[in-house]
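Open the model in a viewer and keep the selection panel at hand. The tour goes through aromatic rings, charged pairs and pockets, one selection after another.

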Amino acid sequence: AKDMKSFVDENMPSVIERVSDTSSLDKYQEKAAKHGLPQVLLFTSKAKTLPISKYLSTEFRRRLLLAEIHPTKPNKAVMDKYGITELPALIVIPPDGGEPIRYDGDGFTKNKLQSFLSKHALKEKV
């Protein structure tokens with residue numbers, strides 16, 4: 001069963017955007033603005049994309065744009081821009097360019113994240 005779970009996790013579809021420095025963040029933000037999508041920035045310390053992240057990216061596809069940001073040297077400027085000091089962290093930026101909304105829940109569980117993101121995702125797919 002463990003091997004089957006690993007296989008499924010590895011082959012799960014994902015539409016997560018990768019942010020590796022400030023220029024890729026700019027491209028990500030342009031894409032979100034072009035389609036009028038809320039931006040979701042997931043700051044993670046994990047080397048691989050977690051299945052929960054893959055699930056959320058496909059569940060909210062075309063209703064928000066999810067980006068994964070790792071704590072690398074080129075991403076330090078991105079982390080400083082949003083005041084990220086502890087990982088993991090999740091920030092939603094509304095499509096109108098309003099103030100970033102930080103997830104302050106007491107755990108990164110599927111139900112809690114899904115509930116939080118559903119409040120900020122568009123109601124209709126773009």
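Buried here means under 20% relative accessible area, exposed means over 50%, and partly exposed is what falls in between. The model is a predicted one.

**Aromatic rings**

A pair of aromatic rings is described by the distance of the centres and the angle of the planes. Searching the whole structure gives three aromatic pairs.

Select Phe43 and Tyr82. Their ring centres are 6.4 Å apart and the planes stand at 55 degrees, so this pair is tilted. The contact joins distant parts of the chain, 39 residues apart: Phe43 is in strand S2, while Tyr82 is in the loop between H4 and strand S4 (89-93). Tyr82 has a relative accessible area of 14%, under the 20% limit, and is therefore buried. Phe43 is buried as well, with a value of 0%.

Next, select Tyr103 and Phe116. This aromatic pair is edge-to-face, with 5.1 Å from centre to centre and 65 degrees between the planes. Tyr103 sits in the loop between strand S5 (101-102) and H5, and Phe116 in helix H5, 13 residues apart. Are Tyr103 and Phe116 buried or exposed? Both are buried. Add Phe108 to the selection: Tyr103, Phe108 and Phe116 make up one aromatic cluster.

**The largest pocket**

Keep Phe108 selected and add Leu42, Leu50, Ser53 and Pro88. Of the 15 residues lining the largest pocket, these five lie nearest its centre. The space in this pocket is about 240 Å³.

Which element gives the most to the lining of the largest pocket? H3 does, with three residues. Colour helix H3 (51-59), strand S3 (65-69) and helix H5 (110-120), since each is worth viewing here; each supplies at least two lining residues. By class, the lining has 10 nonpolar, three polar and two charged residues.

**The second largest pocket**

The second largest pocket has a volume of about 200 Å³. To show its lining, select Val15, Glu17, Lys31, His35, Leu37, Ser57, Arg61, Arg62, Leu64, Leu65, Leu66 and Val126. Helix H2 (22-35) and S3 are the elements that give two or more residues to this lining. Its classes are six nonpolar, two polar and four charged residues.

**Charged pairs**

Side chains of opposite charge can pair when their charged atoms come close. The count for this model is six salt bridges; three stops follow.

Select Lys48 and Glu10. Their side chains meet in a salt bridge, 3.5 Å from N to O. The two residues are 38 apart in the chain, with Lys48 in the loop between strand S2 (39-43) and H3 and Glu10 in helix H1 (residues 2-11). Lys48 has a relative accessibility of 56%, which is over 50%, so Lys48 counts as exposed.

Move to Glu68 and Arg18, a salt bridge whose closest N and O atoms are 2.8 Å apart. This pair also links distant parts of the chain: Glu68 is in strand S3 and Arg18 in strand S1 (residues 17-19), 50 residues apart. Glu68 is buried at 2% relative accessibility, whereas Arg18 is partly exposed at 49%.

Finish at Asp80 and Lys76. Their closest N and O atoms are 3.3 Å apart in a salt bridge. Both lie in helix H4 (residues 76-81), four residues apart, about one turn of the helix. Asp80 is partly exposed at 47%, and Lys76 is partly exposed at 48%.

Terms used:
Residues numbered from 1 in each chain as written. Predicted model: local features only at pLDDT ≥ 70, side-chain atom pairs only at ≥ 80, totals over all residues. Heavy atoms only, no water. 1 Å grid on protein atoms, 1.4 Å probe; cavity = no way out; pocket = protein on both sides within 12 Å on 5 of 7 lines; lining within 4 Å. Points joined across faces, edges and corners; volume = space filled by probe spheres on them. Nonpolar A, V, L, I, M, F, W, Y, C, P; charged D, E, K, R; others polar. Salt bridge = Lys/Arg side-chain N within 4 Å of Asp/Glu carboxyl O. Buried < 20%, exposed > 50% of the residue type's maximum accessible area, 1.4 Å probe, protein only. Phe/Tyr/Trp six-rings, centres within 6.5 Å; stacked < 30°, edge-to-face > 60°.
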